[in-house]
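Notebook open, structure loaded. I want to go through the sheet, the rings and the cysteines in turn.

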Amino acid sequence: MTSGPAEFPEASAFLELAREAAAAGAAVLAGRSAGALDVSNKGDSGDWVTAFDLAAEAAVREVITRTRPEDTITGEEGGTVLPETVSGFRWSVDPLDGTTNFIRNIVYYGTSVAVAGPDGAWLAGVVHAPALGRVYYASRGHGAWVEDNGRRTPLNGPVPGRTGQILATGFSYDPSVRAEQASGLAGLMEGFADVRRLGSAALDLCLVADGTHDAYGERGLNEHDFAAGALIAEEAGCWVRRPRLTSVLDGGPSDEERLAAWTCAGPLELSGKFPL
């Protein structure tokens, strides 16, 4: 259940900073040039990093640190930065979610920024997708919205019970895990008319929030993949399951822990479709 605005009065202020930070990262991505990608592989086949990932994360971190120097930042590329004096607030940054899409010039990619309070509750989240012209955002207790080429619309999740429901999911870079996911896909799709794999977990969660997808479920996400998108889906009224992972501040999670855990979103009536 989403808490009321009075319980999270600081959420709106954090949202403004999250939007500024995500816009700084997205501005880097909007300058995409095939000749400047500088692509390298992070380990698993297909797990790429580009010069734009690194530059976008630096831009996001600069905005946050300039305004809130005592906040902790955890990011996909830059790891965890603990200030000398810790405020208790923590930012989770994915500067370029959908890197393979970005490399191939497929439009589903963006910068994801979210912030959690001292109790671990996510307070604000933004997914800024420059190639789509969309900014998805939410603050706890204040609802979720999308700005699509300047037009602002509230998000209310999928239409309940509609025919032809679409499931969104994704697959691991690890061949053995991917084989398990592929073998279980038919069972996962039971009751759905079709499946989509867009290549950005953050945007898949946002597309549940705006009703494009009817549900989303995927194994193996990192926190920075789902932090902003899960809050946006939740504030749009969706049922959301975040994986219970060992905090990055405690050195976690392990690959085994991460690959076993599901991130899911959709209307409540579809919550039973996903493995526990």
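Before looking at strands I fixed my rule: I call two strands paired if DSSP finds at least two bridges between them. I also noted that this is a predicted model.

**Sheet**

I looked up β11 and β13 to start. Strand β11 (residues 166–168) and strand β13 (residues 215–219) run parallel, with two bridges joining them. At one spot I found A168 opposite Y216 of β13. Going up to the whole sheet, I read off an open one with five strands, ordered β12-β11-β13-β15-β14, and its pairing is mixed. Which strands are at the edges? They are β12 (194–196) and β14 (239–241), each of which pairs on one side only. From one strand to the next I get an average twist of 15°. Then I checked what packs on this sheet: helix α6 (residues 201–209) does, and it touches β11, β13 and β15 (262–266). The direction of α6 makes about 155° with that of β13.

**Rings**

Next I went for the aromatics. I describe a ring pair by the distance of the centres and the angle of the planes. My tally is six aromatic pairs. I took F102 and Y109 as a worked case: their ring centres are 4.9 Å apart and their planes stand at 85°, so I logged the pair as edge-to-face, the cut-off being over 60 degrees. Are these two buried or exposed? F102 has 0% relative accessibility, so I put it down as buried. Y109 comes out at 5%, so it is buried as well.

I also found a cluster, in which ring pairs link F14, F89 and W91. F89 turned up again when I looked for charges over rings: the charged end of R68 sits over the F89 ring, 5.1 Å from its centre. Another entry of this kind is R152, whose charged end sits over the ring of W145 at 3.6 Å from the centre.

**Cysteines**

How many disulfides does the whole structure have? My search gave zero. I wanted to see why, so I went through two cysteines. For C238, the closest cysteine sulfur is in C206, and at 10 Å that is too far for a bond, because a disulfide needs the sulfurs within 2.5 Å. C238 is buried, with 8% relative accessibility. For C264, the closest cysteine sulfur is the one in C238, 12 Å away, so that is too far too. C264 is at 0% relative accessibility and goes down as buried.

Terms used. Residues are numbered from 1 along each chain as its sequence is written. This is a predicted model: local features need pLDDT of at least 70, side-chain atom pairs count only at pLDDT 80 or more; totals for chains, interfaces and linings use all residues. Side-chain values use heavy atoms; hydrogens and water are left out. Rings of Phe, Tyr and Trp (its six-membered ring) pair if their centres lie within 6.5 Å; planes under 30 degrees apart count as stacked, over 60 as edge-to-face and the rest as tilted. Buried means under 20% relative accessible area, exposed over 50%, partly exposed in between (1.4 Å probe, protein chains only). A charge sits over a ring if NZ of Lys or CZ of Arg is within 6 Å of the ring centre and within 35 degrees of the ring normal. Helices (H or I, at least four residues) and strands (E, at least two) are DSSP runs, numbered from the N terminus. Axes are lines fitted to C-alpha atoms, for helices over the stretch in contact, and angles run from 0 to 180 degrees between N-to-C directions. Contact means heavy atoms within 4.5 Å.
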